[in-house]
Amino acid sequence: MTREKWGDVLVFVALTVGAVAMIGPFFWMISTSLKPMAEQFDMRLIPATLTVENYPRLFRIMPFHLMIWNSFKIAAISVAGQLLTCSMAAFIFAVVRFPGRDLLFVVLLVTLMVPVQVTAIPQFIIFKWLGLYGTQAPLYAPAFLGGAFGTFLMRQYFQTIPIELAEAARIDGASLSRIFFTIYLPLSKPALAAFAIFAFLFSWNDLFSALIYLPSDPEKTTLTVGLALFQTQYGGQWTLMMAASLISVAPIIIAFFLAQRHFIEGISMSGFK
Amino acid sequence: MKLRAFAATAFALALSTMAHAETTITYALWGSPTEGEVWARIARAFEALHPDIKVNIQVADWDSYWEKLKVQVAGGTPPDVFAMDAPLFQDWQSRGVLLDMKPFIDKDPTILDGVYPITLKAYTTAGGIFGLPRDFQTIVLYYNKDMFDAAKMPYPTDTWTYDDFRAAAKKLTLDKNGDGTIDQWGFWDGGYDMEPFWGALVWAYGGEVVDPAAGKTLISSPEATAAFQVLSDMWLTDKSMPTTEQLKQFSYDGFLSGVAAMGMSGHWSVPDYAAVAFHWDVAPMPMGPKGRATSVNSAGFVIAKDSKNPDAAWAFVKYAFSDAGQTELAKIGFAVPVRKSVAESPAYLGQATKIDHGLYVKALDYAHLKPVFKGYEEWSSAVGDALATVWTGENSLADGLAAAVADGDAALAKNK
Amino acid sequence: MPLWRKTNNVADLRPLGRERWWVLAFLLPTLLGLILGTFGSIFATIGISFFNWDLLTPAIPAGISNYVDLPADRLFMKSLVNTLVFSALYVPLTVVLSLAVAMGMNRKLWGISAFRVAYFLPTVSSPTAVGLLWTWIYAEDHGTLNAMITAMGGNPVSWLGPKMAMYSVVIVNVWGAIGGGMIIFLAGLQAIPKDYYEVARLDGATAWQRLRYVTLPALAPSIFFQAVLTTINAFQAFDYIYILTRSGNGNSTMPTLVFSIYRTGFRFFRMGDAAAQAVVLTLIIFAMTAIYFHLQKRWGEPG
């Protein structure tokens with residue numbers, strides 16, 4: 001073998017060790033969730049007794065099906081809002097020249113640095129004032145006001161579309177909105193798919209805002225808050241807690257396996273080439 | 001079928017609401033769904049006597065209850081009647097969001113007769129009466145009889161001192177399966193809040209906890225230090241108490257999960273403990289050098305100042321505070337009624353769980369009132385955080401107590 | 001600077017007549033978000049920080065006292081120190097490890113796509129759920145990690161106890177962040193023209209020299225971006241830490257700035273103090289970013 005080949009073997013072994021550390025915990029999660037309560041401190045990776053009893057029990061204790069639905073609903077609405085408003089802004093930034101455009105774009109990117117916690121207090125007051133505290137609206141409404149990450153991502157992609165297409169359509173008398181909806185959006189499906197996945201993940205995994213706006217009511221709250229509540233009430237029942245965690249991770253893992261290519265393209269697309 | 005019955009009831013309810021021009025009031029409380037059901041029963045009994053008033057019960061767990069309440073009150077849409085925890089009472093009263101019930105009470109002066117005075121004390125302020133006690137909690141010692149039997153040890157008695165208690169806890173700490181790690185501890189406590197345990201311990205050693213008026217936390221006095229020394233020795237020297245990290249593996253209540261032979265708690269634990277597989281009983285708190293002490297705390301009713309229906313709200317409070325309401329409450333088994341007549345009646349003493357329920361009432365004789373002042377929650381968490389560094393061994397007892405006093409005083413100053 | 005590189009298009013459209021309205025309409029949500037959501041909130045937060053306000057009673061002007069009191073607030077200072085130490089460990093570890101993994105992945109190896117999935121999985125999983133998983137792994141006597149250590153004859157470690165909590169929390173956070181960084185570096189690596197390496201090899205460059213003179217300079221923009229992003233994330237880290245270090249009284253054994261803001265504002269309802277802390281947090285993040293930009297300028301544009 002050449003030196004290069006030996007290097008490959010070495011790297012392969014190192015990556016394998018790393019990969020075990022990365023996904024090992026997930027196997028442990030699955031394994032624990034399939035053990036009976038009495039064997040939760042049994043350290044075998046393959047359970048001595050296999051059981052699925054933890055899952056039905058979970059749903060009897062807390063309305064996890066409602067929380068899954070709530071999380072899904074909030075995430076789906078957020079995705080719709082983000083896709084629409086971010087790509088609209090991105091289109092303008094990518095295609096149209098207007099005074100102050102670059103400055104505005106920089107200002108938008110700077111907001112990436114502002115922690116959620118800074119905006120949390122005034123937003124809380126606004127939503128309270130609007131009478132929306134305790135509803136799900138504060139969790140998805142902000143998604144309809146654009147966002148730096150999505151606008152940036154979509155702008156990078158829109159720039160790869162030849163401007164001549166837009167110019168030709170314009171000469172034919174198409175309006176900007178027509179150009180956007182009939183040319184740019186259809187050509188950007190891969191980017192939209194990638195961004196949709198990110199927006200979904202972001203909403204699905206959010207704990208901080210959900211904790212503020214829907215701290216308790218199991219009928220209305222999200223899966224993340226449900227899990228955090230579950231931790232305080234069923235601490236020590238590890239088989240149950242792992243089953244609950246798995247329920248929250250599984251949809252994302254499945255979606256990830258199905259859409260792996262989009263995920264990775266999506267990040268690569270943010271344009272660091 | 002169940003669903004249909006529910007729909008029918010809901011429909012009937014909706015109809016009846018439309019038929020009468022009723023007043024609807026809301027009563028919000030923290031607690032488990034079971035407690036909510038009991039309160040719904042009390043509300044139905046009340047509605048039977050007052051057909052023109054409908055009571056809506058809102059139950060939430062402790063943390064979210066307070067979070068939600070603050071926002072509702074701040075937004076001008078408070079529940080008409082809500083449950084109050086005595087230590088937090090001043091936080092609310094001082095902000096002017098509670099209704100003075102004195103005018104109502106003046107019309108009904110006998111209403112306070114037969115109520116344990118110590119429970120009234122927490123709600124008495126110079127400017128009026130802004131709350132009435134609902135029920136109270138004293139702390140007693142719970143012990144796992146099976147663990148005592150297995151160790152062939154006599155059960156705790158009312159002559160126990162904290163030395164006896166510590167020695168027993170040490171003996172009951174075992175590595176049952178011989179794997180080198182302890183799997184049964186003699187005693188458990190969280191070590192954060194003064195209730196259930198360390199407040200009573202400090203008092204039994206002749207110390208004091210806090211003087212809110214002077215803005216002083218008093219737990220570094222020689223007496224209090226001696227008390228904390230016992231706790232610190234049990235935790236760090238005897239290792240007869242599980243650390244927080246160890247406890248987390250089982251559940252936050254070490255007694256309930258069957259890994260600790262003894263625990264200190266109030267009557268609120270009885271329904272949970274009633275469901276466990278082992279045998280247990282209760283005993284009075286052990287005695288310290290300055291005698292026996294426990295802490296008493298009460299939950300109460302308050303009426304929101306912004307309530308649209310103060311008269312209906314008062315009618316409900318009055319009913320729940322009466323013999324009839326208190327008798328219903330006694331049956332839940334979560335707390336001790338504030339009326340002597342009810343606390344000494346079969347309704348309370350003859351509950352399904354066969355323990356000496358009278359012990360919680362007798363404990364009033366040596367109970368100290370859990371402090372009531374503005375900023376209690378923040379003070380408690382500041383002190384609890386600092387104390388926790390002692391239980392983990394991060395700080396010496398003296399340093400930890402000094403930090404607790406400094407942080408506690410800072411929290412008191414912030415809430416002046 | 002790729003972040004706000006000018007558009008590639010030579011000729012952008014210049015809006016005429018009615019098209020100007022379309023431009024405005026398309027930007028409206030974003031503009032509203034900026035004005036109401038971000039900048040409005042920043043100004044409101046700054047404003048609140050000069051008051052004492054509990055949401056229940058009218059706000060009382062407090063001047064700069066909320067800021068002046070911060071250094072004396074021991075719990076705030078503890079959170080600040082924790083956050084700084086956390087960031088100092090988390091940022092370099094995340095950047096270096098994800099770069100190393102990306103370089104390994106950039107080879108033509110068997111099963112590379114499976115590796116990619118494995119390394120990326122923690123990044124996409126809900127930190128709340130995975131946080132619960134790690135509390136189980138870190139548990140004191142019966143935890144997975146300690147069981148492994150005792151099986152090998154070692155002494156159990158109190159992973160979330162006071163001595164180790166910081167490192168344990170950093171490990172979990174890095175574990176969850178490697179995947180994201182890896183993908184960005186991988187994209188950067190794959191964009192480096194192969195002939196650069198050929199030339200370097202012909203010149204007899206060692207592996208180290210190739211890394212030093214070809215790979216790293218070409219990756220400089222990615223590294224810069226990743227460092228900025230990781231730092232911002234570090235100062236805002238919440239989920240894992242909240243789940244892992246929650247204590248019996250609703251506090252945290254390792255409070256961070258974000259936790260302190262959450263607790264002060266939403267549990268104790270001292271909005272003014274919480275706002276002052278939030279402003280300090282923002283200033284730190286801006287200062288860190290400014291430092292990165294300064295360093296980047298000093299060490300020149302990528303070659």
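Chain B of this predicted model carries 19 helices and 17 strands in its secondary structure. Taken along the principal axes, the C-alpha atoms of chain B fill a box of roughly 70 × 55 × 35 Å. The radius of gyration of chain B is 23 Å, which agrees with the value near 22 Å that a compact globule of 416 residues would have. Half of the chain belongs to its interior in the sense that 50% of the 416 residues of chain B count as buried, and among the contacts in chain B with a separation of 6 or more, 74% are accounted for by residues 24 or more positions apart.

Several backbone features of chain B deserve separate mention. The peptide bond that joins B:Glu195 and B:Pro196 is cis, with omega at about 10°, and B:Pro196 is found in helix α9 of chain B, which covers residues 194–204. B:Lys152 and B:Lys239 are listed below with their phi angles, their loops and their C-beta neighbours.

| Residue | Phi | Loop of chain B | C-beta neighbours inside 10 Å |
|---|---|---|---|
| B:Lys152 | about 50° | between α7 (145–150) and α8 (162–171) | 7 |
| B:Lys239 | about 55° | between α10 (222–237) and α11 (244–248) | 16 |

B:Lys152 has a positive phi although it is not a glycine, and a positive phi is likewise found at B:Lys239, again not a glycine. Because 12 or fewer neighbours make a residue exposed, B:Lys152 with its 7 counts as exposed; B:Lys239, with 16 neighbours, counts as partly exposed, since that class lies between the exposed limit and the 20 or more required for a buried residue.

The nonpolar interior can be described next. In the largest nonpolar core there are 276 residues, and those with the most contacts inside it are A:Phe91, B:Phe82, B:Ile303, B:Phe316 and B:Val317. The largest share of this core, 14 residues, is supplied by α3(A). That helix, residues 64–95 of chain A, also has the highest mean pLDDT among the elements of chain A, at 94, whereas helix α14 (residues 260–269) of chain A has the lowest, at 66. Over the whole of chain A the average pLDDT is 85, and 95% of the residues score at least 70. As for B:Ile303, when residues up to four places away in sequence are not counted, it touches B:Asp80, B:Val81, B:Leu98, B:Leu99, B:Met101, B:Pro310, B:Ala313, B:Trp314 and B:Val317.

Chain C makes contact with both of the other chains discussed here. Its contact with chain A takes 83 residues from chain A and 81 residues from chain C. On the side of chain A that touches chain C, helix α1 (residues 3–33) of chain A gives the largest share, 14 residues, and the residues of that side divide into 57 nonpolar, 21 polar and 5 charged. Towards chain B, 24 residues of chain C are in contact with 32 residues of chain B, and the side of chain C that touches chain B consists of 9 nonpolar, 10 polar and 5 charged residues.

Within chain C, helix α4 has 13 residues (residues 112–124), which at 1.5 Å a residue should span 18 Å, and the distance of 19 Å between its end C-alpha atoms agrees with this expectation. The buried residues of α4(C) are C:Phe115, C:Arg116, C:Ala118, C:Tyr119, C:Phe120, C:Leu121, C:Pro122, C:Thr123 and C:Val124.

Key:
Residues are numbered from 1 along each chain as its sequence is written. Chains are lettered from A and ligands numbered from 1 in the order in which they are written. This is a predicted model: local features need pLDDT of at least 70, side-chain atom pairs count only at pLDDT 80 or more; totals for chains, interfaces and linings use all residues. Helices (H or I, at least four residues) and strands (E, at least two) are DSSP runs, numbered from the N terminus. The expected span of a helix is 1.5 Å times one less than its number of residues. Two residues are in contact if their C-beta atoms, placed from the backbone, lie within 7 Å. Ala, Val, Leu, Ile, Met, Phe, Trp, Tyr, Cys and Pro count as nonpolar, Asp, Glu, Lys and Arg as charged, and the others, Gly among them, as polar. pLDDT is the predictor's confidence in each residue, from 0 to 100. The radius of gyration is taken over C-alpha atoms; the globule rule is 2.2 Å times the number of residues to the power 0.38. A nonpolar core is a set of buried Ala, Val, Leu, Ile, Met, Phe, Trp, Tyr and Cys residues joined through C-beta atoms within 7 Å.
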